[in-house]
Amino acid sequence: MFAAAVLIPSPPVLVPELSGGLPDRDPGHPAAQVPPLRAAVLAAGRELAEAAVRWTVVGVADLGRAADVVAAGRFGEPVGTGQDAGVVGAGRVAGVVGAGRVADVARVDPVADAASPDRDGQAADASYGPGTVGTFRGFGADVRAALSDSALTGTMPADPVVPLPILIGGWLRGQVAPHATADARLIDAAATAEHCRAAGAALRCELDADPAPRGVLIVADGAATLSTAAPGYLDERAAGVQERLDAALSAGDRAGLAALDPALCAALEISGRAAYQVLAGLFDADPNVDTRYCAAPFGVGYHVSVWTEKNPGPASGS
């Protein structure tokens, strides 16, 4: 039974070994902006852990270009070393981020699956099982993350191209719910709004069919074009679009999320657009949303929130 959903962003700097800097002694360093974000993510993750011991992680990748998969962390410039490690590209899921080559994936060959269009003519979504284990080595530190502790402690070597949303989901699971197991779904970055809504509704039916409480972790970023320091540089249109996106996320406005324009979102590097629309599809009515964080510390829009069903009101005449 579906219990709750949590929305978090995907910056690798959430992982302490990747954040760099000395935020306690150097408040001007970019890394000083990380602790409040990390605290919000961990707190929301703990709520998901209390609600469910089975998670489904949902993220986005460019599955239509699965043959062009590159190692996680290669955003066209080095991640950095020393104090600045992990700060470059701090929020950018950016295009293709490893759509496959994961041990114990729910599909035998997710790259091949992604290359085959589904019935609505777009790349099929990719699925990953609890045995998935990866590493943040491409981002500057060999920190392992997995969708279950049995995978983390097993003999299977970490796959270096596990997609970033799955790495972040596995890292959070390990931090707040090591007893939990997870699977993961990647939605094609070019998926239509209709496809995303249907994927969310189908996932909800799947979770409701399980008598055990199930949770969903959405890993998604907003615009990466909100400042000249952003990974995608400054686009003057981004602030207004991000403001409307933040308002829709904070209100649980499913219609507002469904109305996001894929082409505009792609131009503004709102890499989480498809995952936001899957999140909207999980609910039959606008949910309760508890927003824990809403800011753009690296010129990238980050949102942390907990989504739950609204309690039905009292029966008429009671």
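**A friendly note on helix α6, alanine 49 and the cysteines**

1. Let's begin with the buried side of α6: its buried residues (under 20% relative accessible area, with a 1.4 Å probe and protein chains only) are Ala193, His195, Cys196, Ala199, Gly200, Leu203, Arg204 and Leu207. Please keep in mind that this is a predicted model, where local features need pLDDT of at least 70, side-chain atom pairs count only at pLDDT 80 or more, and totals for chains, interfaces and linings use all residues. Residues are numbered from 1 along each chain as its sequence is written, and side-chain values use heavy atoms, leaving out hydrogens and water.

2. Helix α6 spans residues 193-208, 16 residues in total. From first C-alpha to last, α6 reaches 23 Å, close to the 22 Å expected at 1.5 Å a residue (1.5 Å times one less than the number of residues). Helices here are DSSP runs of H or I with at least four residues, strands are runs of E with at least two, and both are numbered from the N terminus.

3. What covers those buried α6 residues? The cover includes strands β1 (2-8), β2 (54-61), β6 (181-188) and β7 (214-219), along with helices α8 (254-258) and α10 (273-281).

4. Cysteine 196 has a relative accessible area of 0%, whereas cysteine 294, at 38%, is partly exposed (between 20% and 50%). The whole structure has zero disulfides (pairs of cysteine sulfur atoms within 2.5 Å).

5. Alanine 49 belongs to helix α2 (residues 34-51) and is buried at 12%. Its contacts (heavy atoms within 4.5 Å), not counting residues up to four places away in sequence, are Trp55, Val176, Ala177 and His179. Alanine 49 and alanine 177 sit 128 residues apart in sequence, yet 5.5 Å apart in space, C-alpha to C-alpha.
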